[in-house]
Amino acid sequence: RGFITACAEGCRKVGVIAGVGDRRDEDLLQMGALAAQLFDEVVIRMDEDLRGRSESELLALLRQGIASQGARPTVVIPEELEAVRYALEHATPGALVFVSAEKVQPVVEFVQ
């Protein structure tokens, strides 16, 4: 949680996350719950390789984990760069945007 302390008091925190299919159900539930605890808004994206699960299975587990922490604005944008674009375009000035990237270099180039 150290990176969150870098966010000025009251700044909005947006997390772009993805779950991977070869994780246990409880891991995906916990990932959603932690995202809800850390971020004011969660953007769920999908990896290209879902690793043995369907997109709907992954979404259901992540959303269930998020919901376990109370209401949290959540948007699903499966394609990675579109999810990052959405997060950046909808971020308020001074917001912290965290991105869990599958393809790091294209995301870095896009952000730059």
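Which residue in β2 is the bridge partner of V16? Select V43, since that is the partner of V16. Before going on, note that you have a predicted model open, in which local features need pLDDT of at least 70, side-chain atom pairs count only at pLDDT 80 or more, and totals for chains, interfaces and linings use all residues. Residues are numbered from 1 along each chain as its sequence is written, and side-chain values use heavy atoms, with hydrogens and water left out.

**Stop 1: the sheet**

Select 13-17 and 41-44: these are β1 and β2, paired in the parallel sense over four bridges. (Strands are DSSP E runs of at least two residues, helices H or I runs of at least four, both numbered from the N terminus; two strands pair if DSSP finds at least two bridges between them.) Now widen the view to the open sheet, where four strands run in the order β3-β2-β1-β4 with parallel pairing. At the edges sit β3 (74-76) and β4 (96-99), each pairing on one side only. On average, neighbouring strands here are turned by 15° against each other, direction ignored.

**Stop 2: the helices**

Pick 80-90 next. This is α3, which lies across β1, β2, β3 and β4 and runs at about 160° to β2. (Axes are lines fitted to C-alpha atoms, for helices over the stretch in contact, and angles go from 0 to 180 degrees between N-to-C directions.) Add α4, residues 104-111: α3 and α4 pack at about 35°, with axes 10 Å apart.

To see the contact (heavy atoms within 4.5 Å), show E80, L81, V84, R85 and L88 in α3 against P106, V107, F110 and V111 in α4. The contact residues split into seven nonpolar, no polar and two charged. (Ala, Val, Leu, Ile, Met, Phe, Trp, Tyr, Cys and Pro count as nonpolar; Asp, Glu, Lys and Arg as charged; the others, Gly among them, as polar.)

**Stop 3: salt bridges**

The structure holds eleven of these, each a side-chain nitrogen of Lys or Arg within 4 Å of a carboxyl oxygen of Asp or Glu. Staying in α3, select E82 and R85, whose closest N and O atoms are 3.3 Å apart. They are three residues apart in the helix, so about one helical turn separates them.

Then try R45 and D47, which meet at 2.7 Å, N to O. Are they buried or exposed? Both R45 and D47 are buried, meaning under 20% relative accessible area (exposed is over 50%, partly exposed in between; 1.4 Å probe, protein chains only). Finish at D22 and R23, bridged at 2.6 Å, N to O. D22 is partly exposed at 44%, and R23 is partly exposed at 38%.
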